[in-house]
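Work through the exercises below with the model open. Each task is followed by a stepwise solution.

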Amino acid sequence: MSKHLSLSDRSLIERLLVMDYTFASIARILKRSPSTISREVKRYRVFTGRVNPSSENDCARYFSCLKNNLCKGENHSCYTRCKLCSYRKCTEKCNDYESLHCELLDKPPYVCSGCPKQKECRKEHAYYTAHRANAEYLRNLKESRCGIRTSPEKLLEISQIISPLILKGQSINHIMASHGDEIGLSEKTLYNYIDSNVFNIRNIDLPKKVSYRQRRPKKVLTKFEYKCRRGRTYEDFKTFTEEHPDYEVVEMDTVKGTRNKGKVLLTMIFRKSNFMLIFLMPDGTANSVRTVFDMLTEKLGLKTFRKLFKVILTDNGVEFKDPLSLEHTPNGCQRTRIFYCDPQASWQKPHIEKNHTLIRRILPKGKSFDYLTHEDIRLICCHINSFSRELFDNKTPFQLLNSKTYEKLLVSLTLEPVPPDKVTLKPSLVKH
């Protein structure tokens, strides 16, 4: 049930007040608290009736009164109607004075709707009207959500916190994860303030906002199946993971700088933690990918490699078309299982595709990777994995790696977390 009363609720209140229902009875029908109904009626009732020309004279008999010289003895030369006298208040001396205000309106139901004397009564009336009440409610609701409700001093303090961090490429979510208590505002309010140009940063300074529409599942038809895909299709992958639900899936892909030949990035991501590994390769060939696998096997040891990379899901790129050399060590020992997504179905490995947007903040499309070094890639990897993820309650991928196996991986590749305020996702991170 909604916390706020709707127009239909208010219409029912109006109708039941005319039928002389009590607040308790109305509350039971609407399944609300009696105090809610009471506050609603008092807040939105409207007073009607004739208003006297003189604000000081609120007598109900004002318009029909013909009395004069009520103060005889004090001023016996006065022949003006007492209600028009500017020297004395006739209400203080007149025995027939009757106030416009009805004392019954100070008690429930606070309106005249069910009163049997309302037609003859000369006092002010009060009524509750559903449409008028609903219009006033909507107007108050809109006004309550407009404007800036934070002091200029607090806004300046918030600006000094977020401005340098946003210029480093950090998102509002990442900043709130590390400075939420200092800022003291919700993430939505912070976005609204930026939209209102309260700070010296603009929407153009924020990381790109992307709206992902839900994709419809569809079966991808291919004219033929490559030999490497036999037993390694996406259907085979789903069957394998159902049989081994405790195996962590690693998604794999490549990122290219330009269409021309040159250095290429090999990326791998652990689904459970979104921790991404990035390796710099001299080109995008199957031999370069195999070299990375052999390097990892040598640094981690075959036993640790098998624990970390039990099953790998990748696309149908030419660099992955030699699965046997990736699944086995040079001496023929099995080290992993490779599976392929359906052609033109990159959404089947969404984690790595989404994390590629973080790489593109640092390395924009169309820019060659030939100037990059292995140290540059290590630095990029550390900064990306130190970025807070809303999906994991604003924890970073580094914080989600809590086993000794992962610790060995971090030590072997010399990866370490970056302090929240120093995380940079801008091209300036790798400018030489």
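A contact here means heavy atoms within 4.5 Å. The model is predicted.

**Exercise 1. Describe the chain as a whole.**

Task: Among contacts between residues at least 6 apart in sequence, find what share joins residues at least 24 apart.

Solution:
- Start with the secondary structure: the chain has 15 helices and seven strands.
- Take the contacts between residues at least 6 apart in sequence; 65% of them join residues at least 24 apart.
- Turn to burial: of the 432 residues in the chain, 41% are buried.
- Finish with the surface: its accessible area is about 25800 Å², and carbon and sulfur atoms account for 51% of that.

**Exercise 2. Analyse the packing of α1 and α2.**

Task: At what angle do α1 and α2 pack, and how far apart are their axes?

Solution:
- Locate the helices: α1 covers residues 7–18, and α2 covers residues 23–30.
- Compare the axes: they lie 11 Å apart, at an angle of about 145°.
- Assign the hand: the crossing of α1 and α2 is right-handed.
- List the contact residues: α1 supplies D9, L12, I13, L16 and L17, while α2 supplies F23, I26, I29 and L30.

**Exercise 3. Place V18.**

Task: Is V18 buried or exposed?

Solution:
- Find V18 in the chain: it belongs to helix α1.
- Read its relative accessible area: 52%.
- Apply the cut-off: exposed means over 50%.
- Conclude: V18 is exposed because its relative accessible area is 52%.
- Look at its partners: V18, M19, Y21 and I29 make a nonpolar surface patch of about 370 Å².
- Link back to the helix pair: I29 of this patch is also one of the α2 residues in the contact with α1.

Notes:
Residues numbered from 1 in each chain as written. Predicted model: local features only at pLDDT ≥ 70, side-chain atom pairs only at ≥ 80, totals over all residues. Heavy atoms only, no water. Patch = residues over 30% accessible without salt bridge, like charges linked within 9 Å, V, L, I, M, F, W, Y side chains within 5 Å. Areas by Shrake-Rupley, 256 points an atom, 1.4 Å probe, with all protein chains shown as cover. Salt bridge = Lys/Arg side-chain N within 4 Å of Asp/Glu carboxyl O. Helix = DSSP H or I, 4+ residues; strand = E, 2+ residues; numbered from the N terminus. Buried < 20%, exposed > 50% of the residue type's maximum accessible area, 1.4 Å probe, protein only. Axes fitted to C-alpha atoms, helices over the stretch in contact; angles between N-to-C directions. Left-handed = near helix turned anticlockwise from the far one by under 90°.
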